[in-house]
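Student: I'd like a close look at one part of this chain, and at what sits around that part. Could you pick one and take me through it in one go?

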Amino acid sequence: MTQSTNPQPDRERFPLAASLSERQSECLRLAAQGLASREIGRRLSLSARTVDDHILLACRTLGVRTRVQAVARLVGDDRRAGERRTFAP
């Protein structure tokens, strides 16, 4: 079962996703599902090397050193955006 990733809503709702290119965001979303670069490449019709390059550039943009850290930053951003505030800032 292949899920289509639509980066546009993510780019509007989540500030970190907005700082990434569409391909970088797609690659990180698939990496967050536990997919290796080879499998991400198959789904997006890219080479594993190209996927690694997209993820590397995403890491630089997000200011992290590893793909795990990049996924954690993006997932954390998703979660924070969905939380209701129970207090006034």
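Tutor: Buried, here, means under 20% relative accessible area, exposed means over 50%, and partly exposed is what falls in between (1.4 Å probe, protein chains only). By that yardstick, 35% of the 89 residues in the protein chain are buried. Bear in mind that this is a predicted model, where local features need pLDDT of at least 70 and side-chain atom pairs 80 or more, while totals for chains, interfaces and linings use all residues. Numbering runs from 1 along each chain as its sequence is written, and side-chain values use heavy atoms, with hydrogens and water left out.

The chain has 6 helices and 0 strands (DSSP runs numbered from the N terminus: H or I, at least four residues, for helices; E, at least two, for strands). Let's zoom in on α3, residues 22-32. Of its 11 residues, 8 are buried, leaving the helix mostly covered. The buried set is Gln24, Ser25, Glu26, Cys27, Leu28, Arg29, Leu30 and Ala31.

One of the partners of α3 is α5, residues 48-62. The two axes lie 9 Å apart, at an angle of about 100° (axes are lines fitted to C-alpha atoms, for helices over the stretch in contact, and angles between N-to-C directions run from 0 to 180 degrees). That makes α3 and α5 roughly perpendicular, the label for 65 to 115 degrees; under 35 is roughly parallel, over 145 roughly antiparallel, and the rest oblique. On the α3 side, Arg23, Gln24, Cys27, Leu28 and Ala31 touch α5, where they meet Val51, His54, Ile55, Leu57, Ala58, Thr61 and Leu62. Contact here means heavy atoms within 4.5 Å. Sorted by class, 8 of the residues in this contact are nonpolar, 3 polar and 1 charged (Ala, Val, Leu, Ile, Met, Phe, Trp, Tyr, Cys and Pro are nonpolar; Asp, Glu, Lys and Arg charged; the others, Gly among them, polar).

His54 is worth a stop. Sitting in α5, His54 is buried, at 17% relative accessible area. Setting aside neighbours within four places in sequence, His54 touches Arg23, Gln24 and Cys27, plus Leu46.

Arg23 has another partner inside α3. Its side chain meets that of Glu26 in a salt bridge, 3.2 Å from N to O (the rule: a side-chain nitrogen of Lys or Arg within 4 Å of a carboxyl oxygen of Asp or Glu). Why are the two about one helical turn apart? Because they are 3 residues apart in α3. Glu26 is buried, at 13% relative accessible area, whereas Arg23 is partly exposed, at 30%.

The total is 5 salt bridges, and α5 carries one of them too: Asp53 pairs with Arg49 at 3.4 Å, N to O. These two residues are 4 apart in α5, again about one turn of the helix. Asp53 is partly exposed at 34% relative accessibility, while Arg49 is exposed at 60%.

Finally, what comes after α3? Gly34, just past the helix, takes a positive phi of about 90°. Gln33 is in the loop between α3 and α4 (37-44) and is partly exposed, with 43% relative accessibility. Though 38 residues separate Gln33 from Val71 in sequence, their C-alpha atoms are 9.5 Å apart in space.
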